[in-house]
Amino acid sequence: MTLAIVLAAEPAAGRLTERLAAQWRRAGADDVRVAADLTELADLVADATGPVLVSGADLVAHTAVLKHLATSPVGPTVALVLTDPPAPGQATVREERGQVVEVGAADPSGVFGGALRVGAADLPALADAARRAAGGGPLGAVDRLVADLAARGTLIFAQRVRLLVAHRVGDEAQRAAAESAVAAVDEDRAELKLSVKERDDFFTTFFVSTWSPYVTKAAARIGIGPTGVTMVSVAFAVAAAVLFGTGGRPALVAGAVLLYLGFVLDCVDGQLARYTRHFSAWGGWLDTMADRFKEYVVYAGLGFGATHAGFRYGWALALAAMTLQTVRHMTDTWYGALHDEAARRPKVVSADAGGIGGKLNAASTRVQADTGSVSYWLKRTVVFPIGERWALIAIAAALFGPLVALVAVLVWGTLAFAYTGGLRTLRARWMRVPVLTTVDAGLHRDDGLLARTLPTARRPLLLAVLGALGAAGTLVWALLAVHGGGDLPVWVPVLALVLLLGAAQGSRASHDGSLDWLVPAALRAAEYLFAIAVGVAGRAPAWLIFGYVLVLTLLHYDLTARLEKRQAAPPLHAATLGWPGRSLLLAIGLIAGYASYALATLGAYLLVVFVASVVLAWVVLPARARGGVRSPG
C-alpha cells in the first residue's frame with residue numbers, strides 16, 4: 001500500500017493542496033493524507049507499511065511527473081530535482097551519477113523539487129527526520145525534511161524532470177505561470193518521447209530510437225507487455241543464430257535483418273516499461289538475462305557457421321568472444337559500483353584533483369556534458385556497446401560471413417577492453433574507494449563452500465591474477481599438446497588447480513585495495529579459461545565446451561543482475577558449488593580421463609539448479625508471500 005502525504009505548511013497550501021491530493025491518487029497512491037506540519041507527518045509515517053510519497057503544497061506539475069516519481073525503478077528512495085533557480089527556503093542539491101550526494105551544497109546541480117518517495121526500509125529514518133526538522137529553520141518544511149534525511153546518510157536517488165513541467169510556486173503570479181506551462185505540453189506525447197533513454201549509444205540513437213517509439217505506442221495499444229516484447233526479441237535472436245549457422249548469402253542476410261529487428265525489440269521492451277510505467281524486479285532481471293543469452297546464442301550460431309564453412313576454430317572464436325564479453329561486463333558492473341560509492345564520498349574523490357586520475361575524471365565530465373560533439377559520440381562508440389556490437393555482427397555476417405563477424409567482434413572488443421580497463425584503473429586508483437567492503441564479496445566472487453574452508457590470505461587481487469594466469473597457461477599448454485597430437489601432462493592441470501585454489505584463499509580477505517574491484521572479473525576469466533583447457537585437453541566436443549561456459553555465464557549474470565538491483569542471493573546459490581568446487585570436479589574428471597562426461601554432467605546439473613533457482617525466486621517464493629500461486633509478470 002502506497003501512502004501519499006501533502007504537507008500543507010507552505011504559503012500556497014490553500015490553493016494547491018486539493019489539486020496535489022487528486023494528482024497523487026491519479027499517480028497511483030492508495031491513500032492520500034494532508035499533514036498540517038512535520039509532527040503530524042511523522043505520526044502518519046509511523047503507521048505506514050509501504051512506500052510513502054511526500055510533497056509540499058507549493059508544487060505545480062504534470063500528473064505524469066508525480067507518477068514517474070512514484071514508480072521510479074532507480075531505487076527505493078527518490079527525490080524530485082529541478083533546474084529552477086532556488087527561491088528562499090528551498091534546498092539546493094548536488095547530484096552525481098543519479099544520486100543526491102549533498103543537500104545545501106555550495107556547488108549545486110539543482111534544487112529540491114518539493115516531492116520525494118521514501119522506500120519502506122527508510123521509513124524509520126523519515127519519521128525521525130520529520131520530528132527533528134519540526135523545530136523550524138531557514139528552509140521550508142519539506143526542504144528541512146529532505147535535508148535531515150540526507151544528513152543521516154540515506155541513499156537518495158534523483159528524479160529529473162524532462163519535457164514535462166514541474167515548478168515550485170510562492171505566489172499567485174508564479175502559480176498562474178506554472179499552470180499555463182503545464183497546459184501547454186501534450187502529456188502523452190511527452191511521455192512517449194521520455195520512454196527513449198535521454199543518452200544512448202550512437203547506433204541506438206540514430207538507427208533505432210528514431211522509429212522505435214512508434215512500435216512502443218503500438219505495443220501499448222494492443223496490450224503487449226514488456227515481458228512479451230522481450231520474448232519476441234529472444235525468438236528473433238535465436239532465429240538469426242540458426243540462419244548464421246546455416247550459411248549461404250540469403251540466410252546470412254536474413255539473419256542480419258532478424259538480428260537488427262531483435263535489437264529494436266530489445267530497446268522497445270524498456271521503452272514500453274517506461275511509457276506504461278510497468279516496472280518489476282522480474283522484468284529488470286529478465287531483460288538483463290535475455291540480453292546476454294541472445295548475444296551468446298548468436299555467437300554460437302556464428303561459431304557453428306564458421307566451422308561448417310571449413311574453418312577449424314570457429315567454436316574457439318565463439319568461446320573467446322563470449323568469455324571476453326562476460327569478463328568485460330563483470331568489470332563494468334564493479335566499476336559502476338565503485339563509482340557510485342565514490343560519488344557518495346565527494347571528499348575522497350576530490351583529494352587529488354591535480355593527479356592523472358583527477359584530470360581524466362574532469363576530461364570525462366567535460367566530454368559527457370557536450371552531447372553534440374564528435375568527442376562525445378566517439379567516447380560512446382569506442383567502448384563497443386551492445387548496439388554497436390549487434391550492428392557490427394549483422395553487417396559483417398551479411399557481407400563477409402560468420403568468420404569475419406567473430407573476428408571483428410574479438411578485435412574491437414579487445415581494443416575496447418584495453419581502453420576502458422586502462423582508464424578505469426587510473427581513475428580507480430585516484431578515487432581510493434574500497435567498494436568491495438560495502439557488499440557481500442564472498443557471494444559475488446562466487447566462492448562457495450570450498451573457498452570458505454581454506455585459510456584466509458591477503459592480497460585478493462594478486463591471488464586472483466595468479467589464478468587467471470594459471471588457467472591461461474593451462475589452456476595454452478592444452479592447445480599446444482592437442483595440436484601436436486600428444487596428451488596434457490597430469491601435473492599441468494594440477495598446478496593450475498593449485499593456483500586457482502590459492503586465489504580462493506582471498507575470499508574472506510578485506511577487499512580494501514583501490515583495484516580490488518577487478519577481482520570478480522579475474523576469477524570469472526580464470527574459471528572459464530580453466531574449463532576450456534579441461535575440455536581441450538580431454539578432447540571434448542567444442543559445442544559441449546561452449547555450452548558449459550554458457551551455463552556458467554548464466555549463473556554469473558544472475559549474480560550481477562542481483563547486485564545491480566540490490567537483491568538477495570539466488571535461493572539455490574550454495575548448490576552451484578562455487579568456482580573452486582566446480583574447477584576441482586573438472587580437474588578430477590580430466591585426470592580420470594572423463595573430461596567430456598565431467599563437462600556434460602556438471603553443466604546439466606548447474607543448468608537444472610539455475611532453472612530451479614529461477615522458479616523458486618520468481619514464482620514459488622513470491623506466491624507464498626502473496627498466499628497464492630501466480631507466474632511473474
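These questions and answers walk through helix contacts, nonpolar cores and a few single residues in a predicted model.

Q: How are H11 and H17 oriented to each other?
A: Let's start with the two axes: helix H11 (residues 249-276) and helix H17 (residues 386-400) come within 7 Å and cross at roughly 165°. Angles over 145 degrees count as roughly antiparallel. H11 and H17 are therefore roughly antiparallel to each other.

Q: What is the hand of the crossing where H11 passes H17?
A: You can find this crossing where residues of H11, including Leu 252, Ala 256 and Phe 263, meet residues of H17, including Trp 390, Ile 393 and Ala 397. The hand of the crossing of H11 past H17 is left-handed.

Q: How many nonpolar residues are in the contact of H11 with H17?
A: On the H11 side, the contact includes Arg 249, Gly 262 and Asp 266, and on the H17 side it includes Gly 387 and Phe 400. Two of the contact residues are polar and two are charged, and the number of nonpolar ones is 13.

Q: Which helix gives the most residues to the largest nonpolar core?
A: That core has 105 residues, and Phe 244, Trp 285, Tyr 299 and Phe 546 touch the most other members. The top contribution is 15 residues, and it comes from helix H23 (residues 519-537).

Q: Which residues does Trp 285 touch, not counting residues up to four places away in sequence?
A: Trp 285 is a good one to click on, as it is one of the four residues that touch the most other members of the largest nonpolar core. With residues up to four places away in sequence left out, Trp 285 touches Asp 558, Ala 561, Phe 610, Val 614 and Trp 618.

Q: How are H4 and H5 oriented to each other?
A: The axes of helix H4 (residues 123-133) and helix H5 (residues 141-151) come within 8 Å and cross at roughly 125°. The crossing is right-handed. Roughly perpendicular covers 65 to 115 degrees and roughly antiparallel begins over 145. H4 and H5 are therefore oblique to each other.

Q: How many charged residues are in the contact of H4 with H5?
A: Here Ala 125, Leu 126, Ala 129, Ala 130, Arg 132 and Ala 133 in H4 meet Arg 144, Leu 145, Asp 148 and Leu 149 in H5. Seven of these residues are nonpolar and none is polar, and the number of charged ones is three.

Q: Is Phe 384 buried or exposed?
A: Phe 384 lies in the loop between helix H16 (374-382) and H17, and its phi is near 60°, a positive value in a residue other than glycine. The relative accessible area of Phe 384 is 1%. Buried means under 20%, so Phe 384 is buried.

Q: What is the relative accessible area of Leu 577?
A: Leu 577 also has a positive phi, near 80°, and is found in the loop between helix H24 (542-564) and helix H25 (578-592). Leu 577 is partly exposed, with a relative accessible area of 31%.

Q: How far apart in space are Leu 415 and Ala 129, C-alpha to C-alpha?
A: Leu 415 is in helix H18 (residues 402-431) and is exposed, with a relative accessible area of 56%. Ala 129 belongs to H4. The two residues are 286 residues apart in sequence, and their C-alpha to C-alpha distance is 49 Å.

Definitions and conventions:
Residues are numbered from 1 along each chain as its sequence is written. This is a predicted model: local features need pLDDT of at least 70, side-chain atom pairs count only at pLDDT 80 or more; totals for chains, interfaces and linings use all residues. Side-chain values use heavy atoms; hydrogens and water are left out. Axes are lines fitted to C-alpha atoms, for helices over the stretch in contact, and angles run from 0 to 180 degrees between N-to-C directions. Helices (H or I, at least four residues) and strands (E, at least two) are DSSP runs, numbered from the N terminus. Angles under 35 degrees count as roughly parallel, over 145 as roughly antiparallel, 65 to 115 as roughly perpendicular and the rest as oblique. A crossing is left-handed if the near helix is turned anticlockwise from the far one by less than a right angle, and right-handed if clockwise. Contact means heavy atoms within 4.5 Å. Ala, Val, Leu, Ile, Met, Phe, Trp, Tyr, Cys and Pro count as nonpolar, Asp, Glu, Lys and Arg as charged, and the others, Gly among them, as polar. A nonpolar core is a set of buried Ala, Val, Leu, Ile, Met, Phe, Trp, Tyr and Cys residues joined through side-chain atoms within 4.5 Å. Buried means under 20% relative accessible area, exposed over 50%, partly exposed in between (1.4 Å probe, protein chains only).
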